[in-house]
Amino acid sequence: MPTITAFENSPDRGKGQARDMRVRWALEEVGLPYDVRLVSFAAMKDPAHLALHPFGQIPTYEDGDLALFESGAIVLHIAERHDGLLPKDADARSRAIAWMFAALNTLEPPIVEFGMTMLFERDKSWYEERLPVLKDRVRIRLGELSHRLGEAEWLDGAFSAGDLMMVTVLRRLNASRLLEEYPDLSAYVARGEARPAFRRAFDAQLAVFTAASTGK
């Protein structure tokens, strides 16, 4: 049974945006039981954790002698070894993996920069001038993704690891309401969130925050 790491006290306050959510969801989609080891912010900088994740973050993944870090690499590992997240056809499989990379490398960077600015830079003198620029960068990517998705249910045929990764990235916009400008993308995210495996993963992550906030 693999073991993953997650925040002992989730900084997103149970909203399901911490990156262990992606790994939990993937494990739930393929029906693979797993253990979770909760780590504090201090523990993430300890030598034991740095041996697993050289940048002192979560999640990590351990299964026997294998230890992995980076959510995308972990999800890809799970998807390649268990049915349910990658197509059987070789070309479709490669396209699904390409969408995983697109989510992490093309969509997530401007979304994270925008989100971090809103959270931590409101007191800066340049905040009001910079925020519209960051919003427009996100809108460009959302417009391109919306155009490609069109009226399709998922990005390339059946639901895949590419959709899993893309939905988790787009969910980072929930607080900004930017996604509401693209009804097709809002519906796409809602379809992902409606999947039973997503709900199980979300509830498991939320339970950690709830326990931490109540002291249980």
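A residue counts as buried when its relative accessible area is under 20%, as exposed when the value is over 50%, and as partly exposed in between. This report applies those terms to a predicted model.

**Overall architecture**

The chain contains eight helices and four strands. In sequence order, these elements follow the pattern β-α-β-α-β-β-α-α-α-α-α-α. The radius of gyration is 18 Å, close to the 17 Å that the globule rule gives for 216 residues, so the chain is as compact as a globular protein of that length. Along the principal axes, the C-alpha atoms occupy a box of roughly 50 × 45 × 30 Å.

Of the 216 residues in the chain, 45% are buried. The exposed surface of the chain comes to about 11,100 Å², and carbon and sulfur atoms supply 53% of that area. Among contacts with a separation of 6 or more, 68% are between residues 24 or more positions apart.

**Helix α1 and Arg22**

Helix α1 spans residues 20–30, and eleven of its eleven residues are buried, so this helix is largely enclosed by the rest of the structure. The buried residues include the charged side chains of Asp20, Arg22, Arg24, Glu28 and Glu29. Also buried in α1 are Met21, Val23, Trp25, Ala26, Leu27 and Val30. Just after the helix, Gly31 adopts a positive phi of about 70 degrees.

Arg22 belongs to helix α1. Its relative accessible area is 2%, which is under the 20% limit, and therefore Arg22 is buried. Which residues is Arg22 in contact with, leaving aside its neighbours within four places in sequence? The contacts of Arg22 are Ser71, Val75, Leu104, Glu108, Leu164, Met165, Thr168, Val169 and Arg172. One of these, Arg172, also appears in the description of the largest pocket.

**The largest pocket**

The largest pocket holds about 1,000 Å³ of space. Its lining consists of 33 residues, and those nearest its centre are Asp12, Gln17, Met116, Leu119 and Arg172. Helix α4, residues 90–120, gives the most to this lining, with ten residues. By residue class, the lining divides into 17 nonpolar, seven polar and nine charged residues.

**Backbone features in loops**

A cis peptide bond joins Ile58 and Pro59, with omega at about 5 degrees. Pro59 is located in the loop between α2 (47–50) and β3 (60–63).

Two residues other than glycine have a positive phi, as set out below.

| Residue | Phi | Loop | Relative accessible area |
|---|---|---|---|
| Glu70 | about 80 degrees | between β4 (66–69) and α3 (71–81) | 38% |
| Arg177 | near 70 degrees | between α6 (161–170) and α7 (183–194) | 55% |

How exposed are these two residues? Glu70, at 38%, falls between the two limits and is therefore partly exposed. Arg177, at 55%, is over the 50% limit and is therefore exposed.

**Summary**

The predicted model shows a chain of eight helices and four strands. Helix α1 is largely enclosed by the rest of the structure, and Arg22 within that helix is buried at a relative accessible area of 2%. The largest pocket has a lining of 33 residues, to which helix α4 gives the most. In the loops, the backbone includes the cis peptide bond between Ile58 and Pro59 and the positive phi values of Glu70 and Arg177.

Technical notes. Residues are numbered from 1 along each chain as its sequence is written. Side-chain values use heavy atoms; hydrogens and water are left out. On a 1 Å grid over the protein atoms alone, a cavity is a set of points where a 1.4 Å probe fits but cannot get out, and a pocket is an open set with protein on both sides within 12 Å along at least five of seven lines; lining residues have an atom within 4 Å of a point. Grid points are joined across faces, edges and corners, and a volume is the space filled by probe spheres set on the points. Helices (H or I, at least four residues) and strands (E, at least two) are DSSP runs, numbered from the N terminus. The radius of gyration is taken over C-alpha atoms; the globule rule is 2.2 Å times the number of residues to the power 0.38. Buried means under 20% relative accessible area, exposed over 50%, partly exposed in between (1.4 Å probe, protein chains only). Contact means heavy atoms within 4.5 Å. Accessible areas come from the Shrake-Rupley method with a 1.4 Å probe; for residues, only the protein chains shown count as cover.
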